[in-house]
Amino acid sequence: MAVATETQFHVLAVDDSIIDRKLIERLLRISSFQVTAVESGSKALELLGLREDLKSPPSAPPYQNEIDVNLVITDYSMPGMTGYDLLRKIKESSALKDIPVVIMSSENVPSRINRCLEEGAEEFLLKPVKQSDMNKLMPRILKGKSKENQLENNINNGFCTVTCENTITDNMKSSTNSTNISGNKRKAMDEGFSPERRKARLSSSNWQCCDI
């Protein structure tokens with residue numbers, strides 16, 4: 001009988017070698033990740049909603065065929081689009097830049113590793129990848145989710161701040177208008193019963209009485 005598990009995190013694995021692709025897919029599944037494996041960077045971009053042939057601008061929203069991905073793990077050396085090129089495409093997209101990207105390579109080239117890390121890669125793993133390498137992925141995924149949640153909170157708080165400020169401004173305007181109206185009424189009443197007006201009225205009455 002299967003035991004219900006928590007929601008799985010989704011990893012997109014990219015490698016042109018079918019052997020390496022099957023290996024990484026198996027290791028990820030053992031670590032309880034949901035996995036989608038593709039053979040090229042172009043295919044990965046298509047699944048992420050950034051089709052290279054349509055030259056989508058960085059700020060363009062993903063297409064409807066996108067999949068919800070929590071982490072991308074890609075080989076560095078691939079024909080056509082390399083893992084480094086894929087990394088740059090993802091980080092240039094405002095919609096995808098917070099997705100963690102991990103690079104894999106069978107070559108330990110320091111300059112290559114540094115270039116990927118400087119471009120925003122979370123990890124650089126040397127092949128063949130091992131099960132212990134998969135344990136490094138979860139903290140990276142949680143870090144990406146934290147950024148996403150913080151962005152949503154900032155957007156929501158910004159909306160609330162603008163709304164509250166507008167409400168306060170409207171209330172202040174209403175209060176000012178009410179104060180002005182009350183002041184005008186009070187001024188009119190004071191003028192109606194001022195000593196000068198009462199004196200003028202009294203003098204007029206006395207003058208009329210004398211004539212009679």
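**Entry 1: E25.** I began with a side-chain pair in this predicted model: E25 and R29 are joined by a polar contact of 3.0 Å between their side chains. I then placed E25 in the secondary structure and found it in helix α1, which spans residues 18–30. I next asked whether E25 is buried or exposed. The relative accessible area of E25 is 18%, and because the cut-off for buried is under 20%, I recorded E25 as buried. Leaving out residues up to four places away in sequence, I listed the contacts of E25 as V35 and A37.

**Entry 2: D75.** I consulted the UniProt record, an unreviewed entry, which places the feature "modified residue: 4-aspartylphosphate" at D75. In the model, I located D75 in strand β3, residues 71–75. I noted a relative accessible area of 6% for D75, so this residue is also entered as buried. Which residues does D75 touch, not counting those up to four places away in sequence? I found V14, D15, D16, G83, M104, S105 and K127.

**Entry 3: nonpolar cores.** I turned to the largest nonpolar core, which holds 25 residues. Its members that touch the most other members are L12, V14, L48, V72, L86, I103 and C116. I traced which elements give two or more residues to this core: strands β1 (10–14) and β4 (101–105), together with helices α2 (41–48), α3 (83–92) and α4 (110–119). I also recorded a second, separate core of 16 residues, with L27, V102, M104 and V129 among them.

**Entry 4: cross-check.** I compared the lists. V14, a contact of D75, belongs to the largest core. M104, also touched by D75, belongs to the second core.

Terms used
Residues numbered from 1 in each chain as written. Predicted model: local features only at pLDDT ≥ 70, side-chain atom pairs only at ≥ 80, totals over all residues. Heavy atoms only, no water. Core = buried A, V, L, I, M, F, W, Y, C linked by side-chain atoms within 4.5 Å. Buried < 20%, exposed > 50% of the residue type's maximum accessible area, 1.4 Å probe, protein only. Helix = DSSP H or I, 4+ residues; strand = E, 2+ residues; numbered from the N terminus. UniProt positions renumbered as here; feature names shortened; annotations may be inferred. Contact = heavy atoms within 4.5 Å. Polar contact = N/O pair within 3.5 Å; in protein donor to acceptor, adjacent residues only side chain to side chain.
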